[in-house]
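Reader: Could you walk me through some of the labels used for this structure? I would like to hear the reasoning behind each one.

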Amino acid sequence: MAENPVAGAEFFHLMITKFFDIILGAKRASKIGILGNVKGWYAVVEAQVRGSLHLHLLIWIEGAPASPLDMKERMNSDPDFKQKLTEWYDDIICQSFPKTSVPYVAAEGTPKQLPVLSRPLDPNSTDYDEKRDQHHRDLCESTGLVHEHNATCFKHMPRRIHSLVDPESDCRFELPRPLAAETHFDDDRDLVIRCETGHLNGHNPTNPTATLCLGCNTDLKQTASGSVAMTMVEYMANYTIKLQLDTSVVFSAWFYDVIPEGHVEILTQRDGDLEGFDFNGFMTD
Ligand SMILES: [Zn+2]
């Protein structure tokens with residue numbers, strides 16, 4: 001691909017377009033995808049040092065509470081809503097390996113990334129069900145979804161105390177995360193997602209469609225916190241525009257990418273009446 005970046009870009013565009021149209025449900029009649037009914041999205045493309053492309057994506061889900069405070073109040077007053085919300089999180093975010101899977105071991109003479117370099121499993125094959133869970137784990141273990149500490153984990157710590165670093169508690173990515181037997185809301189009514197593998201980043205996989213179809217790192221996080229959402233907006237806006245612009249221009253540029261009807265396209269459609277667009281659940285705290 002390094003010798004033909006145009007082919008790489010065209011393949012990336014095809015994969016991402018199908019991801020939106022089919023897996024997220026944008027072009028399906030029901031508009032229902034693996035996350036539910038997607039109300040809108042905002043995405044930016046980033047090139048890695050070697051030139052391969054990847055996507056950072058914010059997604060609005062239909063029916064999400066207007067703010068984290070609203071969500072907490074509704075959970076407090078509506079046990080049925082709380083139960084459904086817990087089940088929904090369990091369905092879309094997984095921090096555990098499939099139960100029947102075993103650690104991935106690359107066959108002698110094969111690259112560690114062989115699962116990533118291979119074609120996806122054929123869902124019509126007779127052994128698909130038998131192979132799916134193990135292939136899912138193999139992808140997780142060869143796409144960077146399993147965190148391994150390295151120097152960047154501790155780069156903000158003063159050099160003079162590096163000898164005292166405990167990788168399991170000082171990693172700036174806060175991994176490994178604490179284990180949790182089941183998804184629940186803690187005493188502060190903050191979400192704790194079931195976690196059996198502390199070093200595994202969140203990904204989408206109980207119905208492992210995204211990971212299995214794309215065959216790549218599909219790290220997925222919920223942003224039911226105003227401060228987290230704002231951080232993500234700022235992070236992605238930095239990709240969208242140049243840092244030397246004024247802050248007002250930065251956010252105007254970002255805002256202008258948001259099109260009406262609650263949909264947000266990938267830096268394409270910029271015209272339209274923004275009146276009535278609902279930022280609730282994303283921008284509020
Ligand atoms: Zn780390």
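**Labels and their reasons**

Author: Happy to! Proline 176 sits in the loop between α6 (167–170) and β4 (184–185), where helices (H or I, at least four residues) and strands (E, at least two) are DSSP runs, numbered from the N terminus. This is a predicted model, in which local features need pLDDT of at least 70 and side-chain atom pairs count only at pLDDT 80 or more, while totals for chains, interfaces and linings use all residues. Residues are numbered from 1 along each chain as its sequence is written.

Reader: What makes the peptide bond from leucine 175 to proline 176 cis?

Author: Its omega is near 0°. Most peptide bonds are trans.

Reader: Why is glutamate 174 called exposed?

Author: A residue is exposed if 12 or fewer other C-beta atoms lie within 10 Å of its own, buried if 20 or more do, and partly exposed in between; C-beta atoms are placed from the backbone. Glutamate 174 has 11 such atoms, so it is exposed. This glutamate 174 is also in the loop between α6 and β4, and has a positive phi of about 60° although it is not a glycine.

Reader: And why is lysine 31 called partly exposed?

Author: Lysine 31 has 14 C-beta neighbours inside 10 Å, so it falls between the two cut-offs. Lysine 31 lies in the loop between α1 (5–23) and β1 (32–33), with a positive phi of about 65° although it is not a glycine. Most residues other than glycine have a negative phi.

Reader: How many helices and strands does the protein have, and what share of its residues is buried?

Author: The protein has nine helices and five strands, and buried residues make up 15% of its 285 residues.
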